[in-house]
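User: I am new to this structure and would like to understand how its descriptions are arrived at. Could you take me through the reasoning step by step?

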Amino acid sequence: MKHAKVYAIATQGILTIVVLLLIGYFIGNKIDKNSFWPGVLAALGALCGIASFIVTLLKLLKEEEKKNESTSRPEN
């Protein structure tokens, strides 16, 4: 079960990065195909995707830590 969760998170992160990169490139092409905008906006999209992936990972790790804390704590 844990491997399925890791696979799902990794797939979601990679797809988020790729989709945001493509959106940035598409918008850059709409602005001006022969300028620097497609590359710049694609890079910004990829950076936003990476940041989103890191935030999601940190949030899930925090939830796992809370879950492990609550199960390992003996109830009196």
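User: What makes up the lining of the largest pocket, by class of residue?

Analyst: In this predicted model, the lining of the largest pocket has six nonpolar and four charged residues, with no polar ones. Lys and Glu count as charged, whereas Val and Ile count as nonpolar, and the residues nearest the centre of the pocket are Lys2, Lys5, Val6, Ile9 and Glu64. The volume of this pocket is about 300 Å³.

User: Which helices supply at least two residues each to that lining, and which gives the most?

Analyst: Both α1 (2–31) and α2 (37–72) supply at least two residues of the lining, and α2 gives the most, with five residues.

User: Why is α1 called roughly antiparallel to α2?

Analyst: The two helices pack at an angle of about 155°, with their axes 7 Å apart. Angles over 145 degrees count as roughly antiparallel, and therefore α1 is described as roughly antiparallel to α2. Where they meet, the contact residues divide into 18 nonpolar, eight polar and two charged, and α1 passes α2 in a right-handed crossing.

User: How does the radius of gyration of the protein stand against that of a compact globule of 76 residues?

Analyst: For a compact globule of 76 residues the radius of gyration would be near 11 Å, but the protein has 18 Å, so the value does not match the globule rule, which is 2.2 Å times the number of residues to the power 0.38. Along its principal axes, the C-alpha trace spans about 70 × 20 × 10 Å, and the secondary structure comes to two helices and zero strands.

Conventions. Residues numbered from 1 in each chain as written. Predicted model: local features only at pLDDT ≥ 70, side-chain atom pairs only at ≥ 80, totals over all residues. Heavy atoms only, no water. 1 Å grid on protein atoms, 1.4 Å probe; cavity = no way out; pocket = protein on both sides within 12 Å on 5 of 7 lines; lining within 4 Å. Points joined across faces, edges and corners; volume = space filled by probe spheres on them. Helix = DSSP H or I, 4+ residues; strand = E, 2+ residues; numbered from the N terminus. Axes fitted to C-alpha atoms, helices over the stretch in contact; angles between N-to-C directions. Parallel < 35°, antiparallel > 145°, perpendicular 65-115°, else oblique. Left-handed = near helix turned anticlockwise from the far one by under 90°.
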